[in-house]
Amino acid sequence: MTDGPHRLAVIGAGPAGLAACLAAAARGVQVTLIDAAPEAGGQFYRRPASGLGARRPSALHHRWSTWSRLEQGLAAHLEAGTVEHLPDHHVWTVERTGQAPGAGPGFTVHALIGPLQERSVAVRADAVLLATGGYEKVLPFPGWTLPGVVTAGGAQAMLKGGLVVPGRRAVVAGSGPLLLPVATGLSAAGVEVAALVESLDPRRLSRAAVALASAPGKAVEGALYAFQLLRHRIPFLPRHTVVEAQGEGHLEAVTVAALGPDGRVRPGTARSIPCEAFAVGHGMIPHTDLAEALGCRVDGVNVSVDDEQRTDVPGVWAAGETTGIGGAELALAEGHIAGRSAAARLHGTAPDPSPAARVRTRTRRFAAALDTVYRPPLHWADQVTDDTVVCRCEEVTAGRVREAVTDLGAGDLRTVKLLTRAGMGWCQGRICEPAVAGLTGCEQTPARRMPARPVPLGELARAGADDDESHDDGNDHAPGRDTQPPKPTHP
Amino acid sequence: MVGAACALYAAREGFDVTVVDRGPVAGGTTGAGEGNLLVSDKAPGPELDLALLSGRLWADLAEEYAQAVEYEAKGGVVVASTPEGLSALETFAEGQRAAGVLAEPVAADRLHNLEPYLAPGLAGAVRYPQDTQVMPALAAAHLLRASGARLLTGHTVTEVLRGKDGSVRGVRTDRGELHAPAVVNAAGTWGGAVASLAGVTLPVLPRRGFVLVTEPLPRRVRHKVYAADYVADVASDSAALQTSPVVEGTAAGPVLIGASRERVGFDRSFSLPVVRELAAGATRLFPFLARVRALRTYLGFRPYLPDHLPAIGPDPRAPGLFHACGHEGAGIGLSTGTGRLIAQVLAGGRPGLDLTPFRPDRFSEEAV
């Protein structure tokens, strides 16, 4: 081991990363908290930039007291020097830089900084905790590329981070627990929400009620939303789905229709709702790129972890949405458990049992129950016409994706990509992959996307070499950074 | 790709062809290749003869499929950074010319007319107009479709069926038996495993390679450009990591950067040290690339045989079994010639090239 305190790199400063950071720092570990955003909090605790002068950011959030506690804890550790926060750091890979025999694992986190993410810096650590969160699942429909169509999470981020609204009259649609806060949040900000279109059949919710009721906090939250829908007079259209978005150059209306019990659109039920903004969401997908780069096992689309939130790679922990979508409460519990475990293991001991384990069990059960009820309509792909663009980066239509399977012998996402270029562009399939999977019936598998962010080749060529190690901030010798180049790992 | 080419030419000879693959089309090394149809990196000998034959067949196919398979006869440029390197390269090119390769010396002061963005100070180059590129997955898919062969993807061959006299009579898959008097092993890097199902040995080993893909750019790299030491790496027997910069633009916009070679088994994990060397090599050749972003990397396993030559032709140890695998990094380019030769011997004719250097049973048991 290296001299001085053990160093833990926590990647992601959302609920899981913050909880992990505080738990580990409180137990004598030197933590480097690395995050892409300018301020800690992640997507969940996203706040207006301080320059915008919001007087009451808490109005946009629930559980503000939890955030206050995390924020104060972080401030205290920053003050004490036990945590170093590296905001605006976009991690593109994590490298196992195994040290001398017997010294245990060592890691180098490579991140891009600068206004254009044009420079790469390296952060050394004895252990890594991945709290990289998730991103929104987007499913296409005719007209989804029109300006005015945004993701549900995007609408919420605009609201929370910029205090801007996407239009005066909006429709919110899709499936999942995010739609309610988006609709009520928009309404509270003065947007007329013309409809909340949810493909879920509420009868399925009641069938899952046993599991859902096991989470009192969540049930209360749910009841509050129902109350708020009433209060904001938002028309609620359950068992409905979007058929298409219309407009000349900009969104003017959306067509929605009722779903039959077979998950198909019921003929004759389509109706058009005029609107300027359309926020659509179908839940989240875990970010697993860094885990995959490290060789961690991924089950389905979730990073696989044990009871202590350890991955199968020694020295690597994972917590929050990256191990399975479950919301902020679960992320906080997992982060706390992971931080405790990392601290204990770095000190060569086993962690004490944590009360957070019970919260984790309960919220995981709740998340699993939600997952069984909130699903995109079974036959959503039927609505996607052949001329609908599926991959925006490479402008690949649904017709070409279908043809790759029917005419050219593709049988998995990789081959569909090779034969059509869907997923080869700037976003590397992060947006279109669930859509391509749904259109073709292929299983969605971990995509092995490396680097996790586009890296200038000149920086890639130097990554890990000595001039890569220092920052411009005159803080080159801060704990958690190493000015020595790592030893090359090849002859 | 090799299987697709075998199917195409065998079908043209009148055979009823079934193609069996445990994965999808182009799911193995084909889908991880750059699609090089190269003569420039080959010394005079049987592989170069096969490359020249294949190049002619690709040109014929291009008359019909050029657009579908992104066939692009852009030519190769091999650059030397030192005068010594240049004279070695020119000697190499002279031998190639005698064997029928077009190889034009390019003086240092003319180099930037060919490739305006090349680094300054290079000693000179040789231009190879016959070097060509296709998009390999599209090529395999379209040639398969053109062959009219029955395609069974997702079927895993579990056994090569042999009759009482030892001759091959088909294969068993996880979904049933397929009977045929001739079985062609075009399993690439997994060709050794298929051979062993027939009870014969073929020492195919994986040789891992990474490719870096950049963001799409307007055409700035016009040819396939690589450093002269690439040829030495291709011919090397070492298991250790070797990288030499190979840079080329593509029809779709991204620049592809290779080439690394290492024998690490079927290890699919990302290797920053390898990718770092590829990036360093590419930016030395083309300094403008330093500010261009790498969007992704991919890796594949070249099917490597100990003498760097593929196994092509009938296997005397198992009558009815034919091999068409082990093309290392040149399988896309050599596929058409291989397919044509296999079709010729399947039909009982005389192959257009002497198959002796490619005999599948040429490796002694000790080498296995």
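## Two chains, their sheets and their contacts

Biologist: Is strand E10 of chain A, residues 169-174, mostly covered or mostly open?

Modeller: In this predicted model, a residue is called buried if 20 or more other C-beta atoms lie within 10 Å of its own, exposed if 12 or fewer, and partly exposed in between, with the C-beta atoms placed from the backbone. Strands (E, at least two residues) and helices (H or I, at least four) are DSSP runs numbered from the N terminus. Five of the six residues of E10(A) are buried, and the strand is mostly covered.

Biologist: How are the residues and chains labelled, and which pLDDT do local features need?

Modeller: Residues are numbered from 1 along each chain as its sequence is written, while chains are lettered from A and ligands numbered from 1 in the order in which they are written. Totals for chains, interfaces and linings use all residues, side-chain atom pairs count only at pLDDT 80 or more, and local features of this predicted model need pLDDT of at least 70.

Biologist: Which residue of E16(A) stands opposite A:Val172?

Modeller: Two strands are said to pair if DSSP finds at least two bridges between them. E10(A) pairs in the parallel sense with strand E11 of chain A, residues 192-198, over six bridges, and A:Ala170 stands opposite A:Val193 there. E10(A) also pairs in the parallel sense with strand E16 of chain A, residues 277-281, over five bridges, where the residue opposite A:Val172 is A:Ala279.

Biologist: Of which hand is the β-α-β crossover from E10(A) to E11(A)?

Modeller: The chain leaves E10(A), passes through helix H4 of chain A, residues 179-188, and arrives at E11(A). The hand is judged with the strands pointing away from the viewer, and a clockwise path from the first strand over the helix to the second counts as right-handed. By that rule this crossover is right-handed.

Biologist: Why is one side of E9 and of E12 in chain A left without a neighbour in the sheet?

Modeller: The open sheet has five strands with parallel pairing, in the order E9-E16-E10-E11-E12 of chain A. Strand E9 (149-151) and strand E12 (236-238) of chain A stand at the edges, so one side of each has no neighbour in the sheet, because each has a single partner strand.

Biologist: What angle does H4(A) make with E11(A)?

Modeller: Axes are lines fitted to C-alpha atoms, for helices over the stretch in contact, and angles run from 0 to 180 degrees between N-to-C directions. The twist of the five-strand sheet averages 20° from one strand to the next. H4(A) packs on this sheet and touches E10, E11 and E16 of chain A, where contact between two residues asks for C-beta atoms, placed from the backbone, within 7 Å. The direction of H4(A) makes with that of E11(A) an angle of about 175°.

Biologist: How many residues does chain B give to the contact with chain A?

Modeller: On the side of chain A, the elements giving two or more residues include strand E4 (90-96) and helix H12 (413-420). By class, that side has 17 nonpolar, ten polar and six charged residues, where Ala, Val, Leu, Ile, Met, Phe, Trp, Tyr, Cys and Pro count as nonpolar, Asp, Glu, Lys and Arg as charged, and the others, Gly among them, as polar. Chain A brings 33 residues to the contact, and the number from chain B is 37.

Biologist: Which strands are at the edges of the nine-strand sheet?

Modeller: This open sheet with mixed pairing runs in the order E23(A)-E16(B)-E12(B)-E15(B)-E14(B)-E13(B)-E3(B)-E5(B)-E4(B). Two bridges join E23(A) to strand E16 of chain B, residues 293-304, in an antiparallel run, with A:Pro456 opposite B:Arg293. Pairing on one side only marks the edge strands, E23 of chain A and strand E4 (104-107) of chain B.

Biologist: How far apart do the C-alpha centres of domain 1 and domain 2 of chain B lie?

Modeller: The bounds come from an automatic or database domain assignment, which gives domain 1 (2-68 + 135-204 + 307-361) and domain 2 (76-129 + 205-304) in chain B. Their contact takes 25 residues from domain 1 of chain B and 28 residues from domain 2 of chain B. The C-alpha centres of these two domains are separated by 27 Å.
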